[in-house]
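Biologist: I'd like a close look at just one part of this model, please: the ligand's surroundings. Which residues surround the ligand, and what do the neighbouring pieces look like?

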Amino acid sequence: MRAAGDSTTPVPESAAGSPPAPAPVIELDGVSVSFDGRPVLREVSLRLAERRIGVIGQNGSGKSTLARLLNGLVLPDEGSVRVDGLDTGKDARRVRARVGFVFQNPDNQIVFPIVSEDMAFGLKNLGVPKREIPGRVTAALGEFGIGHLAERQAHLLSGGEKQLVALAAVMVMRPSVVVFDEPTTLLDLRNRNLIRDAVARMEQSAVMVTHDLDLLAGFDRVLVVHEGRIAYDADPASAVGWYREHCS
Ligand SMILES: Nc1ncnc2c1ncn2[C@@H]1O[C@H](COP(=O)(O)OP(=O)(O)OP(=O)(O)O)[C@@H](O)[C@H]1O
């Protein structure tokens, strides 16, 4: 087990050359969640402050529910979740501005027909001045090497292109942490590697739920969720080793 904040991974430099802001602190305190009276997460307490955190575990163990708690998509039945001190239930808007969420299926996330319109919509909602929006959209698409998709119809893109657009649409909002729920499940090897490399380059913090254990190489910390509890919490090699031994 390791304490939060003892990462030894070098912190990436931002595009401007200045070090990024410190990773936000996410605190879960005695969190339990049930669906239809069935417990899914049980008394989970965690302090998450590392830049790269993986979440692994068997199907149905509670990983997505844990991920959704982090930006208030799911609220705890008991206990609390705080992001830099903001309660995910009471301060939902401010929490969502800090914590972006990339869904497994980008179709759940892309709303507007044209890629640039979809990205602009999120910025308008955030209250970003109109004159700044095109520049931010262009920069975010360029960051992921998909500037050429700006005027394309989102629903006609390939699965990998859609996933990159969904990631850019979250990143354009400049969250300080991005939660990924199985972002590579629908992708071929090339696009899976594109996502892996994009995540590695991100200056923001990332929490990633995945069954693709190789994605977690170089992460600071990996949580193993088992039957609704954090069964193991360690560096990637130890956590993956524990998971293989106890959960296969
Ligand atoms: N909104 C919901 N309503 C009812 N049950 C739910 C809901 N969300 C999740 N569950 C149930 O909670 C349990 C945990 O689901 P969760 O999606 O968190 O698991 P997971 O570890 O992410 O699984 P997987 O690896 O299969 O994606 C499952 O039994 C699931 O059916």
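Modeller: Start with helix α1 (residues 63-69), which gives the shell around the ligand its largest share, three residues. Helices here are DSSP runs of H or I with at least four residues, strands are E runs with at least two, and both are numbered from the N terminus. Keep in mind that this is a predicted model, where local features need pLDDT of at least 70, side-chain atom pairs count only at pLDDT 80 or more, and totals for chains, interfaces and linings use all residues. Residue numbers start from 1 along each chain, as its sequence is written.

Now the full shell: Phe35, Asp36, Val40, Gly57, Asn59, Gly60, Ser61, Gly62, Lys63, Ser64 and Thr65 surround the ligand. To be in it, a residue's C-beta atom, placed from the backbone, has to lie within 6 Å of the molecule. By class you get seven polar, two charged and two nonpolar residues. The bookkeeping is that Ala, Val, Leu, Ile, Met, Phe, Trp, Tyr, Cys and Pro are nonpolar, Asp, Glu, Lys and Arg are charged, and the others, Gly among them, are polar.

Asp36 from that list also sits in a turn: β1 and β2 make a hairpin with two residues between them, and Asp36 has a positive phi of about 50° there. Strand β1 (residues 26-35) runs antiparallel to β2, with seven bridges joining them; strands count as paired once DSSP finds at least two bridges. Within that ladder, Val33 faces Leu41 of β2. On β4, β1 has an antiparallel partner over five bridges, where Leu28 is matched with Val81. From β4 (residues 78-83), two more bridges lead antiparallel to β5, with Arg82 partnered by Asp87. Put together, that's an open four-strand sheet in the order β2-β1-β4-β5, with antiparallel pairing. β2 (38-48) and β5 (86-87) have a single partner strand each, so one side of each edge strand has no neighbour in the sheet.

Gly57 of the shell points you to the other sheet, since β3 spans 52-57. This one is open too, with six strands in the order β6-β7-β8-β3-β9-β10 and mixed pairing. Its edges are β6 (99-102) and β10 (229-234), each pairing on one side only. Neighbouring strands are turned by 20° against each other on average, direction ignored. For these angles, axes are lines fitted to C-alpha atoms, for helices over the stretch in contact, and values run from 0 to 180 degrees between N-to-C directions. Towards the β10 edge, strand β9 (residues 221-226) pairs with β10 in the antiparallel sense over five bridges, and Val222 has Ala234 of β10 as its bridge partner. Helix α7 (residues 236-246) packs on this sheet, touching β3, β9 and β10, and its direction makes about 20° with that of β9. Touching here means C-beta atoms, placed from the backbone, within 7 Å.

So much for the tour; back at the ligand, the thing to remember is a shell with seven polar residues and α1 as its largest contributor.

Notes: Two residues are in contact if their C-beta atoms, placed from the backbone, lie within 7 Å.
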